[in-house]
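Student: Please take a close look at one part of this model, the open sheet, and then at what else can be said about how strands and helices are arranged.

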Amino acid sequence: MSKQTTAEYTMRMRGRYRAMLTKRARGRLLDEFCATTQLERKHAIKVLRSLHEPLRKAGRKPVYAGAAAVLRQIWLLFDQPCSKLLHPVLASYVASYEKHRGGLDTQTKALLLRMSPSTMDRLLREHRVRTSLWRGHGGGPMAAMKRLVPVRSERWEGRGPGWFEVDTVAHSGGSMAGSFAHSLTFTDTDSQWTELRATWNKGGHATMLRVQEIERTLPFAIKGVNTDNGPEFLNGHLICYFKERAVVVPQSRSRPYHKNDNAHVEQKNGSHVRALLGHDRFDDPDCTEALNELLTLHSCWTNLFRPCMQLVSKVKTGHRYLKKYDRPRTPAQRVLDYPGVPVEVRLRVTALLKRYDCFTLKLLVQTKLQQFFRRFVRASATDQSAPGAGPGPSALRAAPSGTGPGPAPGQQCAKRTLLAPAPSRNRLPASVSSL
């Protein structure tokens with residue numbers, strides 16, 4: 001029955017229920033009412049005895065209706081963080097939002113600043129898209145170089161900034177055939193400071209040049225490097241670069257087929273690289289410099305203004321794991337809070353924080369991302385659609401949440417479920433098109 005029909009039926013049954021003089025008669029009427037409305041018996045008694053209008057809307061009036069739209073805009077602009085990461089920096093995001101998008105009224109601003117993480121989750125629940133992550137497979141190592149680089153046998157957490165895990169991400173679109181761009185990821189195990197750079201293929205000399213560029217950008221020195229067993233790291237160029245210097249940087253490698261040995265950088269491959277670029281194929285050699293400029297700006301924003309949490313403990317209770325995380329902080333704050341950091345490093349990080357504005361830097365990243373996809377990804381898709389051209393490679397699975405392509409102009413995209421179809425290569429990521 002519809003709500004209106006149920007309400008009319010309930011009002012009619014109330015009159016009959018009150019007219020019954022015996023308990024047995026009321027019980028027979030109550031059985032009929034429960035069978036018709038499918039209500040639980042105790043609740044049905046309350047409904048028939050009540051004087052209020054049946055099926056009236058329950059619950060309190062919405063409190064955050066005016067602030068939900070602004071919260072969604074801020075959440076989309078700053079890479080759709082979870083509520084626990086958004087809550088500690090929301091005040092600075094709101095201040096920067098007012099500076100660039102105009103001031104907010106007093107009530108809306110007060111509602112934004114009083115929101116709890118659970119309230120943010122409730123308001124943003126309908127805007128989230130849950131999709132699966134795709135993780136590729138690495139290549140084989142060079143046996144001759146493996147003897148020169150030892151396997152790491154201890155953990156690096158707690159030693160302070162400077163101990164890095166390194167990995168590459170292939171932008172192949174699901175097919176490893178031919179040449180295409182790669183992303184080089186440097187992640188500090190303590191502060192989570194992450195630097196991204198772009199290389200064409202995985203040559204040892206090209207990788208070494210990007211490592212030199214990263215080292216010049218870092219506010220602190222590299223004290224140790226741990227990589228996987230790929231040829232881009234196990235080669236004479238990179239091994240000599242770390243060994244032939246005044247202060248030798250120890251280079252180690254993880255065990256083959258053990259990705260958790262480089263757990264920090266593997267996590268950043270998903271949250272920093274795939275979340276920004278998705279799973280498209282970048283096979284134009286001219287895209288390397290534009291991609292490198294984009295990744296450099298994105299690294300600056302994530303290191304200075306994007307909070308992250310670190311796992312403190314992991315205890316197995318029965319068939320479940322109980323995980324505890326520390327307080328959300330940005331990598332820059334973690335560097336400044338570490339007690340043994342030299343004064344020069346603190347001054348460099350403080351200068352970077354004063355130099356950049358989170359809103360301006362984020363908009364610059366979004367602009368560069370739009371220009372990159374319009375110039376290279378769309379052009380590549382147009383070439384693939386030419387007569388006689390074969391089908392282009394596509395991702396094996398859908399991109400992570402917020403990173404897949406948005407709907408084409410004039411089309412409406414349905415909400416995707418856990419396993420969504422592979423994204424098209426001729427449209428911008430949703431994180432860009434939704435702004």
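Tutor: What follows starts with the sheet and then turns to a hairpin and two helix pairs.

The model is predicted. Its open sheet has five strands in the order E3-E2-E1-E4-E5, and the pairing is mixed. Strand E3 (194-200) and strand E5 (251-253) are the edge strands, each of them pairing on one side only. From one strand to the next, the twist averages 25°. Strands of a sheet pair through backbone hydrogen bonds, either parallel or antiparallel. For E1 and E2 the sense is antiparallel, and seven bridges join them. One place to look is Val-169, whose bridge partner in E2 is Ser-183.

There is also a link between side chains here. The centres of the Phe-164 and Phe-186 rings are 5.7 Å apart and the planes are at 55°; the pair is therefore tilted, since planes under 30 degrees apart would count as stacked and those over 60 as edge-to-face. Phe-164 belongs to strand E1 (residues 163-170) and Phe-186 to strand E2 (residues 181-188), and 22 residues separate them, so the pair links distant parts of the chain. A helix covers part of the sheet: H13 (residues 287-305) lies across E2 and E3 and runs at about 175° to E3.

Another strand pairing involves E6 (residues 311-317) and E7 (residues 320-325), which are antiparallel over six bridges. Lys-314 stands opposite Lys-323 in E7. E6 and E7 form a hairpin with two residues between them, and Gly-318 in the turn has a positive phi of about 70°.

Now the helices. Two packed helices are described by the angle between their axes and the distance between the axes. For H1 (residues 3-19) and H2 (residues 23-37), the angle is about 175° and the axes are 10 Å apart. Because angles over 145 degrees count as roughly antiparallel, H1 is roughly antiparallel to H2. Residues making this contact include Tyr-9, Met-13 and Arg-16 of H1 and Leu-29, Glu-32 and Phe-33 of H2. By class, the contact of H1 with H2 has five nonpolar, four polar and four charged residues.

The axes of H4 (residues 65-77) and H7 (residues 106-114) come within 9 Å and cross at roughly 70°, which makes H4 roughly perpendicular to H7. The crossing is right-handed. Gly-66, Ala-67, Val-70 and Leu-71 of H4 meet Thr-108, Leu-111 and Leu-112 of H7. This contact of H4 with H7 has five nonpolar, two polar and no charged residues.

Key
Residues are numbered from 1 along each chain as its sequence is written. This is a predicted model: local features need pLDDT of at least 70, side-chain atom pairs count only at pLDDT 80 or more; totals for chains, interfaces and linings use all residues. Side-chain values use heavy atoms; hydrogens and water are left out. Two strands pair if DSSP finds at least two bridges between them. Helices (H or I, at least four residues) and strands (E, at least two) are DSSP runs, numbered from the N terminus. Axes are lines fitted to C-alpha atoms, for helices over the stretch in contact, and angles run from 0 to 180 degrees between N-to-C directions. Angles under 35 degrees count as roughly parallel, over 145 as roughly antiparallel, 65 to 115 as roughly perpendicular and the rest as oblique. A crossing is left-handed if the near helix is turned anticlockwise from the far one by less than a right angle, and right-handed if clockwise. Contact means heavy atoms within 4.5 Å. Ala, Val, Leu, Ile, Met, Phe, Trp, Tyr, Cys and Pro count as nonpolar, Asp, Glu, Lys and Arg as charged, and the others, Gly among them, as polar. Rings of Phe, Tyr and Trp (its six-membered ring) pair if their centres lie within 6.5 Å; planes under 30 degrees apart count as stacked, over 60 as edge-to-face and the rest as tilted.
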